[in-house]
Amino acid sequence: MSTPQTQRPQPDPIRFYGTSWVDHTRGYGARRFALGLGASLLAALGILGLRLGYNGLTLSQSASWLRVLVIVAFAGCTAMAFTRAMRGWTRPQPSAGADEAAFRSIKIIGFVGILLAYALRSAVEAPGERMRRMDHEAAVEQYERLTSKRSRNPSRKAGRAGDGGTPARRRGEGARRR
């Protein structure tokens with residue numbers, strides 16, 4: 001019975017890019033440009049929507065402290081969402097489970113910051129590409145190390161035709177026969 005062969009690690013797909021980020025093929029550059037432009041346009045529409053909401057507050061003659069509070073809340077949430085999105089695409093995160101759930105409402109309010117971060121990151125590379133590339137290269141390097149260690153001493157491989165198994169198995173069989 002032969003040992004199962006480990007396959008070369010496959011890259012993880014990125015949303016909207018698939019695995020074209022590995023070798024920058026299949027319209028990678030055009031996709032990056034189009035998605036960056038789309039994120040910029042959506043951010044502009046979001047800013048327009050927020051402006052219309054603010055105009056509604058002024059038309060309703062709400063208190064000035066409320067209008068200032070709304071501006072500060074949206075600006076703060078946008079800044080936090082922007083920095084968290086950029087950091088998430090460029091640096092490894094220790095644990096993302098509970099932390100992401102706590103910041104979900106901030107990300108919803110600061111959606112303009114996420115869209116702007118996506119547009120800026122698309123100008124450099126696909127958002128998340130650096131992290132995926134580091135993980136993929138580490139996995140390939142580990143795979144190469146393991147396969148090169150295995151191929152150095154072919155007598156250690158089990159299941160080779162004509163060798164009767166591993167040396168330990170042959171010694172054990174010989175000891176029983178005597």
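This is a short dialogue on helix packing and the largest pocket in a predicted model.

Student: Why are helix 1 and helix 5 called roughly antiparallel?

Tutor: Helix 1 and helix 5 pack at about 160°. Angles over 145 degrees count as roughly antiparallel. Helix 1 and helix 5 are therefore roughly antiparallel. Their axes lie 8 Å apart, and the crossing is left-handed.

Student: Which residues make that contact of helix 1 with helix 5?

Tutor: Helix 1 brings ten-odd positions along one stretch, including Arg-32, Leu-35, Gly-36, Ala-39 and Leu-50. Helix 5 answers with residues including Phe-111, Leu-115, Tyr-118 and Val-124. By class, the contact has 14 nonpolar, four polar and one charged residues.

Student: What makes Gly-36 polar and Arg-32 charged in that count?

Tutor: The class is set by residue type: Gly goes with the polar group, and Arg with the charged group.

Student: How do you know that helix 1 is roughly antiparallel to helix 2?

Tutor: Their axes cross at roughly 165°. The cut-off is over 145 degrees. That makes helix 1 roughly antiparallel to helix 2. The axes come within 10 Å. This crossing is right-handed.

Student: Which residues meet there, in helix 1 and helix 2?

Tutor: Leu-50, Tyr-54, Leu-57 and Thr-58 of helix 1 face Leu-66, Arg-67, Val-70, Ile-71 and Phe-74 of helix 2. They divide into seven nonpolar, one polar and one charged. Leu-50 of helix 1 also belongs to the contact with helix 5.

Student: What angle do helix 2 and helix 5 make?

Tutor: About 35°, with the axes 7 Å apart. Roughly parallel needs an angle under 35 degrees. The value given is about 35°, so I leave that label open. The crossing is right-handed.

Student: What makes up the contact of helix 2 with helix 5?

Tutor: Eleven nonpolar, three polar and one charged residues. Helix 2 supplies Thr-78, Ala-81, Phe-82, Ala-85, Met-86, Trp-89 and Thr-90. Among their partners in helix 5 are Val-112, Leu-116, Tyr-118 and Arg-121.

Student: Which residues lie nearest the centre of the largest pocket?

Tutor: Ile-14, Arg-15, Trp-89, Tyr-118 and Pro-127, out of 18 lining residues. Helix 1, helix 2, helix 5 and helix 6 each give two or more residues to the lining. Helix 1 gives the most, with four. The pocket holds about 460 Å³ of space.

Student: How is the lining of the largest pocket divided by class?

Tutor: Twelve nonpolar, three polar and three charged residues. Trp-89 and Tyr-118, two of those nearest the centre, count as nonpolar by type. Arg-15 counts as charged.

Technical notes:
Residues are numbered from 1 along each chain as its sequence is written. This is a predicted model: local features need pLDDT of at least 70, side-chain atom pairs count only at pLDDT 80 or more; totals for chains, interfaces and linings use all residues. Side-chain values use heavy atoms; hydrogens and water are left out. On a 1 Å grid over the protein atoms alone, a cavity is a set of points where a 1.4 Å probe fits but cannot get out, and a pocket is an open set with protein on both sides within 12 Å along at least five of seven lines; lining residues have an atom within 4 Å of a point. Grid points are joined across faces, edges and corners, and a volume is the space filled by probe spheres set on the points. Axes are lines fitted to C-alpha atoms, for helices over the stretch in contact, and angles run from 0 to 180 degrees between N-to-C directions. Angles under 35 degrees count as roughly parallel, over 145 as roughly antiparallel, 65 to 115 as roughly perpendicular and the rest as oblique. A crossing is left-handed if the near helix is turned anticlockwise from the far one by less than a right angle, and right-handed if clockwise. Contact means heavy atoms within 4.5 Å.
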